[in-house]
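Thanks, everyone. I have one structure to go through today, and I will keep to the geometry.

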Amino acid sequence: MDDCVLRIESVTKKFPGVIALKDAHLQIKRGEVHAVCGENGAGKSTLMKIIAGAQGYTSGHIYLDGEEVFFHSTKEAEKHGIAMIYQEFNMVPELSVAENMYLGRLPMKGGGRVDFGKLYKDAEEIINRLKLHINIRTKVKHLSVAEAQMTEIAKCLTIGAKIIIMDEPTAALTDEEIKVLFEIIEDLKKKGISILYISHRMDEIFQIADRLTVFRDGSYIETKEIKDTNYAEVVSLMVGRSLESLYPERDYQGSEVVFEAKDIHGKGVNGVSIELRKGEILGIAGLLGSGTIELSKMIYGAIPMKSGEILVHGKRIDNSSPNKAIQAGIGFVSDDRKNEGLVLNRSIKENIVLSSLKKFSSGFRINKRKEQNAVQNEVERLNIKLSSPMQLAGRLSGGNQQKVVFAKVLEADTDILILDEPTRGVDVGAKAEIYNIMDQMTKEGKSIILISTDLPEVIGMSDRVVIMREGYRVLELSKEELSQEKILAYESGGIES
Ligand code: ADP
Ligand code: MG
């Protein structure tokens, strides 16, 4: 008999304008931990959601124990023994651990009442089987992230799962908690349960997985036994494509320091210092949880720092709020466009002039003509596709929304720009335009800090790269030293620096 519990054949998933999966294959053996690897956007989460019944597919076949199956909901997938632990948990905070474990399947006794005696007994048994120390009567809202995750795993056991999908399960866990998770995974394996494991962290994959499959741009690339491969090979399978043409030829020469962050401490950031030179693009690379985003938000005042100082042109500035940071000459494009970048129910024009109203007013009056000209210039310069500047920002495509954010930042006339994931959710055409805008801005004397988890972008755009891991600055690479293999290896702790 076939030792594959799950076989995915030729699965294709099209979204409007994007093919997330092209003819994807995957074979999962009974009782194995199978890592699914690929860069951002490779299609990993989409494939996992399809397997778990949370997402439909355009074409293809899924076989479970040799029989073709079609899931129209996660409930149906669960009935067949497939459960997924989502990156965002989906439990009811007000209910207890036990109630969440049996949600929708609570044991009942006469009169439509829940049989709490049986519920607690069953829940307790599963918690003990996993050797967890969680009080099953505690409300889920009082659990730590790790405990909530363990509860989700316990829930998978209550439905008798034979395949458990974990999408980046360690992203929010401490080292100690990861150890516990890995012990549980080993235990599940022994019970014949298969684990589909998504992680960006190469060290984890090599520690816990038996086999791995690499996807790239929605396509199946290769399946490998862990013992027959190594970090470098997996990384090159993941990134093997050329995107050079997307990026402008940089000709940064090196110039005076215009910005310094000195010994920044705060939540998730441990004593990081950086300096930025005029006209330079400094890349800051790190995996989820490495502290890169926290560092940038501390610099532009969106989250508080505990200690450290920020200097612009050698002078210490007040960065206690984003507005103060802007006044001191630091502009930013947040990774959270919808909450920190754009007011979606305001017009494009209003958004563009938002941080620079002073410039357009004399006394109490706003100079409408001046404002209009500025908006028109930005729309042309950035090639923003709109029907009218009065159109609501929320109606634009992702790429055009991001260009409006850039227009707003440019109008604020700050010399130092911090860009958090500036091309996330943006299609390739708009990406290339944004890269050109960045290049242009530095030629005009602005300096950029680029925070990105998109490695080709970091390498294609940066004149220098600082790598962070677990809140620390671990290494700096010059342009000549940059390679995806190197960055990934340092980010994931594969190479000790
Ligand atoms: P990964 O998990 O490997 O980072 P995803 O499966 O999330 O990749 O995404 C694969 C591709 O599909 C990406 O280009 C992404 O933008 C696109 N995509 C994912 N979900 C949706 C969606 N609901 N609508 C449109 N496009 C999507
Ligand atoms: Mg994903």
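I will start with the domains, then take the cores, the strands and the helices in turn.

One caution before anything else: this is a predicted model. Every number I give is computed from it.

Domains, then. The domain assignment splits the protein chain into domain 1, residues 4-239, and domain 2, residues 257-492. Taken over C-alpha atoms, the centres of domain 1 and domain 2 are 35 Å apart. At the contact between them, 13 residues of domain 1 meet 10 residues of domain 2.

Next, the cores. The largest nonpolar core has 64 residues, and the members that touch the most others are Leu130, Ile164, Met166, Ile185, Leu188, Ile195 and Ile487. Helix α5, residues 145-158, supplies the largest share of this core, with 7 residues. Both domains feed this core: at least three residues come from domain 1 and at least three from domain 2. There is another core apart from this one, with 32 residues, including Phe360, Val375, Leu382 and Leu419.

Let me stay with Ile164 for a moment. What does Ile164 touch, not counting residues up to four places away in sequence? The list is Ala83, Ile85, Cys156, Leu188, Ile193, Ser194, Ile195 and Leu196.

Now the strand around that residue. Strand β9 covers residues 163-167, and 5 of its 5 residues are buried, so β9 is largely enclosed by the rest of the structure. On one side of β9 are Ile163, Ile165 and Asp167, on the other Ile164 and Met166, and all of these are buried, which leaves both faces covered. As for pairing, strand β6, residues 82-85, runs parallel to β9 and is joined to it by 4 bridges. In that pair, Ile85 stands opposite Met166. Strand β10, residues 194-198, also runs parallel to β9, with 5 bridges between them. There, Asp167 of β9 stands opposite Ile198.

On to the helix pair. Two packed helices are described by the angle between their axes and the distance between the axes. For α5 and helix α6, residues 175-190, the axes come within 11 Å and cross at roughly 10°. An angle under 35 degrees counts as roughly parallel, so α5 is roughly parallel to α6. From α5, the contact uses Ala146, Met150, Ile153 and Leu157; from α6, it uses Glu177, Val180, Leu181, Ile184 and Leu188. Leu188 has come up before: it is also one of the residues that touch the most other members of the largest core.

Now domain 2, residues 257-492. Strand β13, residues 257-266, runs antiparallel to strand β14, residues 269-277, and 7 bridges join the two. The hairpin has 2 residues between its strands, and Gly268 takes a positive phi near 85° there. β13 also pairs with strand β16, residues 307-312, again antiparallel, through 5 bridges. Which residues are the bridge partners of Phe259? In β14, the partner is Leu276; in β16, the partner is Val312.

There is also an open sheet of 6 strands, in the order β18-β21-β22-β15-β23-β24, with mixed pairing. Its edge strands are β18, residues 330-333, and β24, residues 472-478, each of which pairs on one side only. From one strand to the next, the twist averages 20°. At the β24 end, strand β23, residues 464-469, is joined to β24 by 6 bridges, and the two run antiparallel. Within that pair, Arg469 stands opposite Tyr472.

Two helices lie across strands of this sheet. Helix α14, residues 398-411, lies across β18 and β21, and runs at about 175° to β18. Helix α17, residues 484-491, lies across β15, β23 and β24, and runs at about 25° to β23.

One last residue. Where is Leu288 found? Leu288 is in the loop between β15 and α9. Is Leu288 buried or exposed? Its relative accessibility is 58%, so Leu288 counts as exposed, the threshold being over 50%. Leaving aside neighbours within four places in sequence, Leu288 is in contact with Glu168 and Ala171. The C-alpha atoms of Leu288 and Met461 are 20 Å apart, with 173 residues separating them along the chain.

That is the tour. I will take questions.

Conventions: Residues numbered from 1 in each chain as written. Chains lettered and ligands numbered in written order. Predicted model: local features only at pLDDT ≥ 70, side-chain atom pairs only at ≥ 80, totals over all residues. Heavy atoms only, no water. Core = buried A, V, L, I, M, F, W, Y, C linked by side-chain atoms within 4.5 Å. Buried < 20%, exposed > 50% of the residue type's maximum accessible area, 1.4 Å probe, protein only. Domains from an automatic or database assignment. Contact = heavy atoms within 4.5 Å. Pairing = 2+ DSSP bridges. Axes fitted to C-alpha atoms, helices over the stretch in contact; angles between N-to-C directions. Parallel < 35°, antiparallel > 145°, perpendicular 65-115°, else oblique.
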